[in-house]
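Visitor: Before we talk through this protein, could you put its sequence and structure where I can see them?

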Amino acid sequence: MQNNFSIILTKTAREALLLISEIAIPNIAVFIVDENNKLVGSLTDGDIRRGLLKGLSIDDSISMFMHTNYKFFKDGEDNFDKLNTYKSLGIRFVPYIDEQNKIVRIADLDEYRSLIPVDAILMAGGKGERLKPLTDSTPKPMLKIGDKPIIVRNIERIAKYGINHFHISVRHLSEQIVEGLKECKGDNVIIDFVKEDKPLGTIGSVKLIKEFVNDSVLLMNSDILTNINFQDFYLKFIDSKSDMQVATVPYNIDVPYAIMDVNDKGDVMSFKEKPRYTYYSNAGIYLFKKELIDLIPDNIAFDATHFMETVIANNKKLISYPILGYWLDIGRIEDYYKAQEDIKHLIL
């Protein structure tokens, strides 16, 4: 997409207008780059018309028509306010630029619900023992829910929140996952695979990732089907100033009898008629500061529960985020078939 929307500074307004016509999207802006491919301005057909009315020629350089106060995003920055402002102005396409002002990719704001500055990690190395025989020759993340593999659904949904740097941890039948995700890659989805040589638990392989773009990390099991609001998840993490946040799902226990509160003398102090007790279980979705990865040991099995215990032991702030919408861990055969029915009605 990047090359289709950019034009070099030495071109004329006539050539820019031809490019805008070829793109054929209303109110589109093209991005002006110099000989070093650095972004220097933006230009619309309205800018060209206004220039012509001021006496400029259609064969004049686009440098005489362009805006130099162009709109842009940068990776790693908080782009929430920019996104809302650009959308309110009716702007659809905005470039991401690097530290040298070079265009990295073009964001289509119609496709984004938000722009969350995190790297995403999807854990996809498990054997899926409880899903046999479905997983005998197919890795669990590649099992289709409806017409798409569950991991593809998760990547596509996460990408809608402006998250485009993905790290996929693989082991069992990893070649199928690498091959199956080729179609997911593009300007707005960058995938880095890390492979475990031996089982490293539910979070140990994170230590194999060499480089992160952002300061915060979203980690998720790849076999979860959910409509969690990732923007709200992120904003609570930021507003609470926590070091780590874990998504949780409510688990209710209904007692079919009256429960009495009895002291050590046997006196009944109070009672509740058929009470409901709500507990919160781990939903397999985490958000944490990148520096916490230093707490994960090298090259040994380490689970997410061990990680959270270590975070607490190091006096870091760990908070819970209850998922109020849909959540399903596709870990058993019956869950797999439930997902097949739920996906027909679920809005992700």
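Guide: One definition comes ahead of the rest: contact here means heavy atoms within 4.5 Å. Please keep in mind as well that this is a predicted model.

Visitor: With that meaning of contact, and leaving aside neighbours within four places in sequence, which residues is Phe-230 in contact with?
Guide: Phe-230 is among the residues with the most contacts inside the largest nonpolar core, together with Ile-168 and Ile-285. Once its neighbours within four places in sequence are left aside, the residues in contact with Phe-230 are Ile-116, Arg-157, Ile-158, Tyr-161, Leu-218, Met-220 and Ile-285.

Visitor: Which element supplies the largest share of this core?
Guide: The largest nonpolar core has 37 residues. At least two residues of this core come from each of β6 (118-124), α5 (150-159), β9 (165-170), β11 (216-221), α7 (230-239), β13 (244-254) and β16 (276-289). The largest share, five residues, is supplied by α5.

Visitor: How many residues are in the other core that lies apart from it?
Guide: In soluble globular proteins, nonpolar side chains tend to be buried together. Ala-16, Ile-23, Tyr-70 and Phe-93 are among the members of this other core, which lies apart from the largest one, and its residues number 23.

Visitor: How many residues apart in sequence are the parts that the pair of Phe-5 and Phe-93 ties together?
Guide: Phe-5 and Phe-93 form a tilted aromatic pair, with 4.7 Å centre to centre and 45° between the planes. Buried means under 20% relative accessible area, so Phe-5 counts as buried at 6% relative accessibility, and Phe-93 counts as buried at 7%. Because Phe-5 lies in helix α1 (residues 2-5) and Phe-93 in strand β4 (residues 93-97), the pair ties together parts whose separation in sequence is 88 residues.

Visitor: Is Asp-108 buried or exposed?
Guide: Asp-108 has its place in strand β5 (residues 103-108), and, not counting residues up to four places away in sequence, Asp-108 touches Arg-92 and Phe-93. Since the relative accessible area of Asp-108 is 4% and the limit is under 20%, Asp-108 is buried.

Visitor: The charged end of which residue sits over the ring of Tyr-96?
Guide: Tyr-96 belongs to one aromatic cluster with Phe-73 and Tyr-86. Elsewhere, the charged end of Lys-82 sits over the ring of Phe-72, 4.0 Å from its centre. Over the ring of Tyr-96, at 3.8 Å from its centre, sits the charged end of Arg-105.

Visitor: In β17, what is the bridge partner of Met-244?
Guide: β13 and β16 run antiparallel and are joined by 10 bridges, with Val-246 having Tyr-286 in β16 as its bridge partner. With strand β17 (residues 318-322), β13 pairs in the parallel sense over five bridges. The bridge partner of Met-244 in β17 is Leu-318.

Visitor: About what angle does the direction of helix α2 make with that of β1?
Guide: Three strands form an open sheet with mixed pairing, in the order β1-β2-β3, and its edge strands are β1 (6-8) and β3 (39-44). Neighbouring strands of this sheet are turned by 35° against each other on average, direction ignored. Helix α2 (residues 13-23) packs on the sheet and touches β1, β2 and β3, while its direction makes with that of β1 an angle of about 165°.

Methods:
Residues are numbered from 1 along each chain as its sequence is written. This is a predicted model: local features need pLDDT of at least 70, side-chain atom pairs count only at pLDDT 80 or more; totals for chains, interfaces and linings use all residues. Side-chain values use heavy atoms; hydrogens and water are left out. A nonpolar core is a set of buried Ala, Val, Leu, Ile, Met, Phe, Trp, Tyr and Cys residues joined through side-chain atoms within 4.5 Å. Buried means under 20% relative accessible area, exposed over 50%, partly exposed in between (1.4 Å probe, protein chains only). Helices (H or I, at least four residues) and strands (E, at least two) are DSSP runs, numbered from the N terminus. Rings of Phe, Tyr and Trp (its six-membered ring) pair if their centres lie within 6.5 Å; planes under 30 degrees apart count as stacked, over 60 as edge-to-face and the rest as tilted. A charge sits over a ring if NZ of Lys or CZ of Arg is within 6 Å of the ring centre and within 35 degrees of the ring normal. Two strands pair if DSSP finds at least two bridges between them. Axes are lines fitted to C-alpha atoms, for helices over the stretch in contact, and angles run from 0 to 180 degrees between N-to-C directions.
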